[in-house]
Amino acid sequence: MTEQIPRWASETFWKKTAIWVTGGSFVLLVVLTFDSMKQISAGSSRVQAYSVINKDVSYRFDKSKQRYQPVIGDDAPLFGKTLNEEESEKLVDLGKKTVQAKNCMNCHTLLGNGAYYAPDLTKAWLDQGWGAKESRESLMVNFLLDPEKNTRTYGSNRKMPNLDITQQEAEGIVAFLKWMSAIDTNGFPHNFKAIGEEE
Ligand code: HEC
C-alpha cells in the first residue's frame, strides 16, 4: 500500500505557493512604487508645491508625533515678490541646478545625501544662525555671493569657499533651500535648532 502524501508536502502545492507569492510581491511593489512617486512629488502632503516659497515656513515640535514638523503660515513672499506656481518652480529649479553644478554635496548633505564637511542644508533656511527672519534673505544671498567675507563658522573654523555664484543663482538657491525646508522629513536632521523657536 502506498502512503498518501499530505497536501502541504506535495510538490505542486509548493510550486503554486511560490508562483502566488512571487506574483503577489510583484504587484505590491508596483503599487508601492506609484504610491512613493506620488508622495515624493511636489504638491503632495509631505513635499509642498514650489509656490510654498511665497509663504512663511516655520518649524514646530509636534508633541503627538514626538518630532519636528514644518508649518506653513501666512504670506511671506521671497524677496518681496509673489510668484505663481510656474515662476516658483523655475526659480527653485535654477537653485537646484546651481547646487548640482557647483557640487555643494561635495561638502554638504542635502536630505542626508552628500559629504559631512559642512552642515546639512535640508533645513538651512530655518537655521537659527541667520538671526532674525526679516534679515535672513539678504544675509543668505550675501553669504552665497561671498562666503569668505560673510563667514559664520559656528566655531568649527571651517570656511566655505567663494564659488562664483551670481545674484540670480544665489536667489534661486535661497528659493530652493526655502522650498526644501518645507518638506516633512520625519524630523531629519536630528537636534536642529530652528529660527524663532520658542523654548
Ligand atoms: C568646500 C566645501 C563647501 C562647498 C563646496 C560648499 N559649502 Fe556651503 N558651507 C561650507 C562650510 C564649511 C560652511 C559652514 C561655515 C560657515 O558658515 O561659514 C558652509 C555653510 C553653508 C550654509 C549655511 C548653513 C546653515 O545651516 O546656515 C549654506 C546655506 C551653504 N553653505 C550653502 C552652500 C551651497 C548652496 C553650496 C553650493 C553652491 C555650498 N554651500 C558649497 C562649505 C562648503
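This is a short talk through the predicted model of one protein chain and its ligand, going from the overall layout down to single residues.

Good morning, everyone. Please keep in mind throughout that the model is a predicted one, and that the numbers I quote are computed from its atoms.

Let me begin with the whole chain. The protein chain has four helices and four strands, and if we read from the N terminus onwards, these elements come in the order α-β-β-α-β-β-α-α. The radius of gyration of the chain is 24 Å, whereas the globule rule gives 16 Å for 199 residues, so the chain is more spread out than a compact globule. You can also look at the box that the C-alpha atoms fill along the principal axes, which is roughly 95 × 35 × 35 Å. Of the 199 residues, 22% count as buried. As for the contacts with a separation of 6 or more, 61% of them are accounted for by residues that sit 24 or more positions apart in the chain.

Next, the domains. The domain assignment gives two of them, with domain 1 covering residues 13-39 and domain 2 covering residues 50-181. How far apart do the C-alpha centres of domain 1 and domain 2 lie? The answer is 39 Å.

Now I would like to set two helices side by side, H1 and H4. Helix H1 takes in residues 11-39, and its 29 residues should span 42 Å at 1.5 Å a residue, which agrees with the 42 Å between its end C-alpha atoms. Is H1 covered, or does it lie in the open? The number of buried residues among its 29 is zero, so H1 lies largely in the open. Helix H4, at residues 167-181, also has the span we would expect, because its 15 residues should cover 21 Å and its end C-alpha atoms are indeed 21 Å apart. H4, however, is mostly covered, with 13 of its 15 residues buried. While you look at these helices, a general point may help: an α-helix has 3.6 residues a turn, so residues three or four places apart point the same way.

Helix H3 is where we find Leu-144. Leu-144 counts as buried because it has 25 C-beta neighbours inside 10 Å, and 20 are enough for that label. If we leave aside residues up to four places away in sequence, Leu-144 touches Ile-165, Ala-170 and Ile-173. The C-alpha atoms of Leu-144 and Phe-79, by contrast, are separated by 15 Å, and these two residues are 65 apart along the chain.

Let us turn to Thr-122, which sits in the loop between strand E4 (113-114) and helix H3 (133-145). Is Thr-122 buried or exposed? Thr-122 is buried, because 21 other C-beta atoms lie within 10 Å and the cut-off is 20 or more. Leaving out residues up to four places away in sequence, the residues that Thr-122 touches are Leu-110, Leu-111, Met-180, Thr-185, Phe-188 and Pro-189. Thr-122 and Phe-176 are 54 residues apart in sequence, and their C-alpha atoms are 9.8 Å apart in space.

Two of those partners of Thr-122, Phe-188 and Pro-189, deserve a second look, since they are joined by a cis peptide bond with omega at about -10 degrees. Pro-189 belongs to the segment after H4, and Asn-191 lies in that segment as well. Asn-191 has a positive phi of about 60 degrees although it is not a glycine, and it is exposed, with 6 other C-beta atoms within 10 Å. Asp-164, in the loop between H3 and H4, is another non-glycine residue with a positive phi, here about 50 degrees. Asp-164 is exposed too, with 8 other C-beta atoms within 10 Å.

Strand E4 gives us one more exposed residue, Asn-113, which has 10 other C-beta atoms within 10 Å.

Finally, the ligand. Which residues come nearest among the 25 around the ligand? They are Cys-104, Cys-107, Ala-118, Arg-158 and Met-160. The shell as a whole divides into 14 nonpolar residues, six polar ones and five charged ones.

Thank you, and I am happy to go back to any of these places in the structure.

Key:
Residues are numbered from 1 along each chain as its sequence is written. This is a predicted model: local features need pLDDT of at least 70, side-chain atom pairs count only at pLDDT 80 or more; totals for chains, interfaces and linings use all residues. Domain bounds come from an automatic or database domain assignment. A residue is near a molecule or strand if its C-beta atom, placed from the backbone, lies within 6 Å of it. Ala, Val, Leu, Ile, Met, Phe, Trp, Tyr, Cys and Pro count as nonpolar, Asp, Glu, Lys and Arg as charged, and the others, Gly among them, as polar. A residue is buried if 20 or more other C-beta atoms lie within 10 Å of its own, exposed if 12 or fewer, and partly exposed in between; C-beta atoms are placed from the backbone. Two residues are in contact if their C-beta atoms, placed from the backbone, lie within 7 Å. The radius of gyration is taken over C-alpha atoms; the globule rule is 2.2 Å times the number of residues to the power 0.38. The expected span of a helix is 1.5 Å times one less than its number of residues.
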